[in-house]
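Thank you all for coming. Please have a look at the model on the screen, and then I will talk about its cysteines and about one of its helices.

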Amino acid sequence: MRPLSEKVAGIAPSATIEISNRAKKMQREGIDVISLSIGEPDFDTPKHIKDACIDALNRGETHYAPSNGIPELLSAVSDKITKENKFPSKPEQVIVTCGAKDAIYEGMEAVLNPGDEVLLLTPAWVSYEPCVQMAGGKIVKHAVNQKTFQLDDSILERVNARTKMIVVNSPSNPSGAVFDKKSMKIVADLCQDFDLYAMSDEIYEKMVYGKEHISLAAIGDMAERTITINGFSKAYAMTGWRLGYAVAPLKIIKEMSKVQQHSVSQATTFAMWGAVAALKGDQRCVEEMRAEFDRRRKFVISELNLMGYTTAPADGAFYAFVEVAGDDMAIATKWLEEGHVAATPGSAFYAPGWIRLSYATSMEKLKEAMGRIRKVGGK
């Protein structure tokens, strides 16, 4: 038979999902595995959001909707962006997608041509590069400062005539770092000086601890060249709903629309009504979850530091990024096989010698997991 796609064959599977699947297999075999490998809040979706979805189902919101999203949600996102993220947005500049990952993929397809280069700040989430590859582009990696996890002017060395976009993720998955004003200004200046597009993934914006979240599009005229990515999975514990969105200049949204129309068509109609309730309803649920994540963060970071591990600045998201001595894959495997704690090797995020632990699980499980890591060791 004829060979399959070389493009897809060259793309690595998701390391985070691969580790999670391995842990689940062990659990099915009766092994008591504590999974700290995947970024999924352990909270239930708030009741008022579920009720809004159920109400939508009951009144017959089960048919096709406009591809970019129901008007009510486009308006809610636009209002939220203008008010909270502090840059102007109109409903026609919004597209609702099947998760934030879908928005990232569509944004890459809309902007990139074969051979275009995309600057990726590492450590970085595992799916950016495959999305760039599927769009025909090429990733150029640039490591942030390994002590502060901020940027400096050395990034200028990575820019050339083929550079078209830079990807920013703050708060960061996997490091938990939050870019400060200086780092964001470096990105903005770079984009303006070299006429680059930017993709700003802000899915963890609600999970910030003692720092300020800054939207890249709010700096100078960056709204004219930035695709802002966000969604409902993390802040509202809606991972299974598969709802994300992008806010961008109208010319980019129109191109993303084409990708969506010819692939997934639209996000699920009745789920979008739940998203309206999420944005327009009481936000105390978000703060309650953030406060609990903060409590867990302080415990996990303290325990790891007491064991002698160095951790990245955990100022956002819900990850502890741990520096280990030696082969991170071997140590993560040891933690899983001997300690029955699943964690993700930093090599998956272009950061060998580090391991990512998610504290988006109960305090009880975190205490047990820290005890197992202490016992197994591997530092």
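By a disulfide I mean a pair of cysteine sulfur atoms within 2.5 Å, and, chemically speaking, a disulfide is a covalent bond between the sulfur atoms of two cysteines. What we have here is a predicted model, and by that rule the count of disulfides in it comes to zero.

Let me take Cys 53 as one case: its closest cysteine sulfur belongs to Cys 98, and because the two sulfurs are 14 Å apart, they are too far from each other for a bond. Cys 53 also counts as buried, because its relative accessibility is 10%, where buried means under 20%. Cys 191 is likewise in no disulfide, and the nearest cysteine sulfur, that of Cys 131, lies 19 Å away. With a relative accessibility of 0%, Cys 191 counts as buried too.

Cys 191 brings us to helix H7, since we find it in the list of buried residues there, together with Ser 183, Met 184, Ile 186, Val 187, Ala 188 and Leu 190. What covers these buried residues of H7? The cover includes three strands, namely S3 (117-122), S5 (163-169) and S6 (197-201).

As for the helix itself, H7 runs over residues 181-194, and its 14 residues, at 1.5 Å a residue, should span 20 Å, which agrees with the 20 Å between its end C-alpha atoms. At the N-terminal end, H7 is capped by Asp 180, which has a side-chain oxygen 3.2 Å from the backbone nitrogen of Lys 182. After H7 comes Asp 195, whose phi is positive, near 55°.

Conventions. Residues are numbered from 1 along each chain as its sequence is written. This is a predicted model: local features need pLDDT of at least 70, side-chain atom pairs count only at pLDDT 80 or more; totals for chains, interfaces and linings use all residues. Side-chain values use heavy atoms; hydrogens and water are left out. Buried means under 20% relative accessible area, exposed over 50%, partly exposed in between (1.4 Å probe, protein chains only). Helices (H or I, at least four residues) and strands (E, at least two) are DSSP runs, numbered from the N terminus. The expected span of a helix is 1.5 Å times one less than its number of residues. Contact means heavy atoms within 4.5 Å. A polar contact is a pair of N or O atoms within 3.5 Å; within protein, one must be able to donate a hydrogen and the other to accept it, and residues adjacent in sequence count only if both atoms are side-chain atoms.
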